[in-house]
Amino acid sequence: MNSLYLLAAVLSQFGDVRAGYIPADLKVAQVILVVAAGLSIRCLAKAGIKRASVAFCGGVALGTVAILHFGQLNGPPAIVIGFAVVLGVLTAMRFSANTATASIIIFLIGSALTVASVPANGEFPQAFSLMAVNVIAGAGAIICLSQLVVIINPERAPAWRSIAVRIAGSWIVAISVLIIAVSSQTNLF
Amino acid sequence: MIFTSPQTRKALILFSFLLVAAPAAIAHTGEGLSGGLLSGFVHPVRGWDHVAAMVAVGLWGTFLGRPAIWVLPVVFPLVMALGGAVGVLGLPLPGVETGIALSSVVLGALILGKVRMPLWGAAIIVGVFAIFHGYAHGIELPTAANPVSFAVGFVVATGLLHLAGIALGLVTTRPRGEVFVRAVGGLITAAGAGFLLGII
């Protein structure tokens, strides 16, 4: 029953977004980062499951320490979206990283996801549980999306599929650039 | 691979389609639809000048072959976003409408004439025109009910129009396909001339 409720909540929220309303608790930077990270699976695959898990958890730990030390800042969402731009470029270029580079990128994704998951309201350390839920949900969404990309675009996929993934990478960059521009004019974050 | 069973894969794909099929929330339709995901999505589709140019980019990319088939549709949204950012920031850009109409004329003519050029040259041509298209979308962004969903909508619609152009261009592999694609290029040029002269 809980999963049905969760599904209904996700679907209704997507309807809201389509209608032009974004809930206050939806983290724009987090969503962009999750999609960018999911799409760049081909670039990150060299790290392997174990190394990727360690790097991601290390990144989350670093992000958590940074938030607890510095508190909630206004700058990080723009930096996180800037990082999403880099991931989008890597996807569009079909960049293939070596093991070390892939691990570092995954580490940075973990840190960025944590920074982007800070709840809009609430003081730390009380808001820590809400942030933890956001991070776990984000990590789950990255895994689901990366699986979808692997299904759509396996190693020996037809050419049009790899073209579609490249173009999707360029969408991430374009959307991120526009969001950064809009946020400079309005109080988006 | 974490999800290996075919059933799980199908469920994942079905879930993605369900997300797309989710109905818009009725409670917010009054103010939201004027500047949400849907209005961003239909913004490029409603303007035939945009549609002609976007399809032409995909079509020309297919005509030029690899790697232009993916480079041009990747370059376009990237540079378009920069043009959009210029529009969002309110910086002036002269001749936007002329630039948009010219994009159809030039890109259509390049397809019609079966013009082959170096990749960097093609990317520059596409990039220059993308600035005008992006600017036209960008100046409407700050007034949208939700700029983020509007931006997502128009970027995705632009990309899908490129993909439509690529799909159309794939007929070049069939007999007389090249003639068909060049004819479409001619139509795009004629439409662009119509936009330029204010006839259409």
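L102(B) counts as partly exposed, at 33% relative accessibility. In this predicted model, the residue sits in helix α6 of chain B, which covers residues 96-112. L102(B) also contributes to a nonpolar patch on the surface. The other members of the patch are L196(B), L197(B), I199(B) and I200(B). Together the five side chains make a patch of about 530 Å². Membership requires over 30% relative accessible area, so L102(B), at 33%, passes that cut-off.

The fold of chain B is helical. Nine helices were assigned, and zero strands. The order along the sequence is α-α-α-α-α-α-α-α-α. Of the 200 residues in chain B, 50% are buried. Contacts were also sorted by separation in sequence. Among those between residues at least 6 apart, 80% join residues at least 24 apart. The exposed area of chain B is about 9,200 Å². Carbon and sulfur atoms supply 72% of that area.

Packing was examined for one pair of helices. Two packed helices are described by the angle between their axes and the distance between the axes. Helix α5 of chain B spans residues 68-88, and helix α7 of chain B spans residues 119-138. Their axes come within 6 Å and cross at roughly 35 degrees. The crossing of α5(B) and α7(B) is right-handed. On the α5(B) side, the residues in contact include A68(B), V71(B), L72(B), V75(B), F76(B), V79(B) and M80(B). Glycines take part as well, among them G83(B), G84(B) and G87(B) in α5(B). The α7(B) side includes L119(B), A122(B), A123(B), V126(B), A130(B) and I131(B). G127(B), G134(B) and G138(B) are also among the α7(B) residues that meet α5(B). H133(B), Y135(B) and H137(B) of α7(B) belong to this contact too.

Charge pairing was then searched across the whole structure. Side chains of opposite charge can pair when their charged atoms come close. One salt bridge was found over all chains. The side chains of K114(B) and E178(B) form a salt bridge, with an N to O distance of 2.9 Å. K114(B) lies in the loop between α6 and α7 of chain B, whereas E178(B) lies in helix α9, residues 177-197. The pair therefore ties together parts that are 64 residues apart in sequence. K114(B) is partly exposed, with a relative accessible area of 31%. E178(B) is likewise partly exposed, at 30% relative accessibility.

Technical notes: Residues are numbered from 1 along each chain as its sequence is written. Chains are lettered from A and ligands numbered from 1 in the order in which they are written. This is a predicted model: local features need pLDDT of at least 70, side-chain atom pairs count only at pLDDT 80 or more; totals for chains, interfaces and linings use all residues. Side-chain values use heavy atoms; hydrogens and water are left out. Patches are made of residues with over 30% relative accessible area and no salt bridge: like charges are joined within 9 Å, nonpolar side chains (Val, Leu, Ile, Met, Phe, Trp, Tyr) within 5 Å. Accessible areas come from the Shrake-Rupley method with a 1.4 Å probe; for residues, only the protein chains shown count as cover. A salt bridge is a side-chain nitrogen of Lys or Arg within 4 Å of a carboxyl oxygen of Asp or Glu. Helices (H or I, at least four residues) and strands (E, at least two) are DSSP runs, numbered from the N terminus. Buried means under 20% relative accessible area, exposed over 50%, partly exposed in between (1.4 Å probe, protein chains only). Contact means heavy atoms within 4.5 Å. Axes are lines fitted to C-alpha atoms, for helices over the stretch in contact, and angles run from 0 to 180 degrees between N-to-C directions. A crossing is left-handed if the near helix is turned anticlockwise from the far one by less than a right angle, and right-handed if clockwise.
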